[in-house]
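Ready for some practice in reading a protein structure? Work through the exercises below with the sequence and the model open beside you, and try each task before you look at its solution.

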Amino acid sequence: MSTIRQSSDVNNFKEVFNRSKHVVVLTGAGVSAESGVPTFRGAGGLWRTHRAQDLATPEAFRRDPSLVWQFYHHRREVMNSKAPNAAHVAIAEAEERLSQEGRRLVVVTQNIDELHKRAGSRNIIELHGTLFKTQCTKCDAISINYDSPICTALHGKGTPNPGTENVKIATELLPRCSKVECGGLLRPYVVWFGENLNPDVLKAAERELDQCDLCLVVGTSAIVYPAAMFAPSVAARGVPVAEFNTETTSNTSDCRFYFEGPCGSTLPKALDP
């Protein structure tokens, strides 16, 4: 595909946005980072002395469920002090406005923190699951869970500091299935490294992308597959793609619009009616 000549003209973008009937907003860690949510990426992106990709795997959970649950317990508790930022709010307000006009806006997010939901977005496809659901490793039941702490044994655990002693919590004291006949060990309902996306979730995302007439890429480097192919596939059929990021990415050359800077600054201006 030939390189598209980009525009950073907000008024030009607004003209395209105002004509659009079906908008998909792809979001990633950059949006959450502006709310102060740790991304566990890049320099200093460790939990204690562990890389996230070494904890967020089925193998790590089988090997040491106590350690993995302490990591996710920390991530859940951190969200108590975080709030949606201006980018989250702008997306939610745009969805509401478009809905009243008989148009559609859908968020397809790689984030697991539910900040889009808290901002007021309703049409959300969570590609990688959420911190606030669990799945039983025995009966596969999926449950919403906002308990803080998620179980008594994890109270006060999960401190991220490198010098923190690793406390081994007995498996039977970790989060368990509430079904009396089951009682199996729960795991976070998130997609770990080495796991495939839920096929129904992926199909839902692909269906929205196939139907959209405008795609926004917000705060994501889009290097993880299959999400990495979402924007290029939309651009390949001639649909405008607008990227909002702090730096260019591998997808920037496919975008008709590129707005550089914090999403909380660039996106509200672009979506403001």
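**Exercise 1. Two helices side by side**

Task: Work out how helix 6 and helix 10 are oriented to each other in this predicted model, and which residues meet.

Solution:

Step 1. Start with a general idea: two packed helices are described by the angle between their axes and the distance between those axes.

Step 2. Find the two helices: helix 6 covers residues 86–100, and helix 10 covers residues 263–271. Their axes come within 7 Å and cross at roughly 20°.

Step 3. Compare that angle with the cut-off: angles under 35 degrees count as roughly parallel. Helix 6 and helix 10 are therefore roughly parallel to each other.

Step 4. Add the handedness: the crossing of helix 6 and helix 10 is left-handed.

Step 5. Look at the residues that meet. Helix 6 brings Ala86, Ala87, Ala90, Ile91, Ala94 and Arg97, while helix 10 brings Cys263, Gly264, Leu267, Pro268 and Leu271. Sorted by class, this contact of helix 6 with helix 10 has nine nonpolar, one polar and one charged residues.

**Exercise 2. A second partner for helix 10**

Task: Describe how helix 1 (residues 10–19) crosses helix 10, and name the residues that make the contact.

Solution:

Step 1. Read the geometry: the axes of helix 1 and helix 10 come within 9 Å and cross at roughly 55°.

Step 2. Classify the angle: at that value, helix 1 is oblique to helix 10.

Step 3. List the residues. From helix 1 come Val10, Phe13, Lys14 and Phe17, and from helix 10 come Lys269, Ala270 and Leu271.

Step 4. Sort them: the contact of helix 1 with helix 10 has five nonpolar, no polar and two charged residues.

**Exercise 3. The length and surroundings of a helix**

Task: Find how far helix 5 reaches, and decide whether it is largely enclosed or largely open.

Solution:

Step 1. Take the span: helix 5 (residues 65–78) has 14 residues and reaches 20 Å from its first C-alpha to its last. That is close to the 20 Å expected at 1.5 Å a residue.

Step 2. Check burial: 13 of the 14 residues of helix 5 are buried, so this helix is largely enclosed by the rest of the structure.

**Exercise 4. Two valines in strands**

Task: For Val217 and for Val190, say which strand holds the residue, whether it is buried or exposed, and what it touches beyond its sequence neighbours.

Solution:

Step 1. Place Val217: this residue belongs to strand 9, residues 214–218.

Step 2. Judge its accessibility: buried means under 20% relative accessible area, and Val217 has 2%, so it is buried.

Step 3. Look for contacts. Apart from residues within four places in sequence, Val217 is in contact with Leu26, Ala231, Val241, Ala242, Glu243 and Phe244. One of these partners, Val241, is 24 residues from Val217 in sequence, and their C-alpha atoms are 7.3 Å apart.

Step 4. Repeat for Val190. This residue sits in strand 8, residues 186–190, and is buried, with a relative accessible area of 7%.

Step 5. Beyond residues up to four places away in sequence, Val190 touches Tyr72, Ile112, His128, Gly129, Thr130, Leu131 and Glu195.

**Exercise 5. Backbone details in loops**

Task: Where do Arg48, Glu114 and Pro149 lie, and what is notable about the backbone there?

Solution:

Step 1. Arg48 is in the loop between strand 2 (46–47) and strand 3 (50–51). Its phi is positive, about 55°, although Arg48 is not a glycine. With 6% relative accessibility, Arg48 counts as buried.

Step 2. Glu114 lies in the loop between strand 4 (104–109) and helix 7 (115–119). Glu114 also has a positive phi, near 65°, and is a residue other than glycine. Its relative accessible area is 8%, so Glu114 is buried.

Step 3. Pro149 is in the loop between strand 7 (142–144) and strand 8. A cis peptide bond joins Ser148 to Pro149, with omega about 0°.

**Exercise 6. A lysine to finish**

Task: Is Lys117 buried or partly exposed, and which residues does it contact?

Solution:

Step 1. Lys117 is located in helix 7.

Step 2. Its relative accessibility is 46%, so Lys117 counts as partly exposed.

Step 3. Setting aside neighbours within four places in sequence, Lys117 is in contact with Ile124 and Tyr146.

Technical notes
Residues numbered from 1 in each chain as written. Predicted model: local features only at pLDDT ≥ 70, side-chain atom pairs only at ≥ 80, totals over all residues. Heavy atoms only, no water. Helix = DSSP H or I, 4+ residues; strand = E, 2+ residues; numbered from the N terminus. Buried < 20%, exposed > 50% of the residue type's maximum accessible area, 1.4 Å probe, protein only. Contact = heavy atoms within 4.5 Å. Axes fitted to C-alpha atoms, helices over the stretch in contact; angles between N-to-C directions. Parallel < 35°, antiparallel > 145°, perpendicular 65-115°, else oblique. Left-handed = near helix turned anticlockwise from the far one by under 90°. Nonpolar A, V, L, I, M, F, W, Y, C, P; charged D, E, K, R; others polar. Expected span 1.5 Å × (residues − 1).
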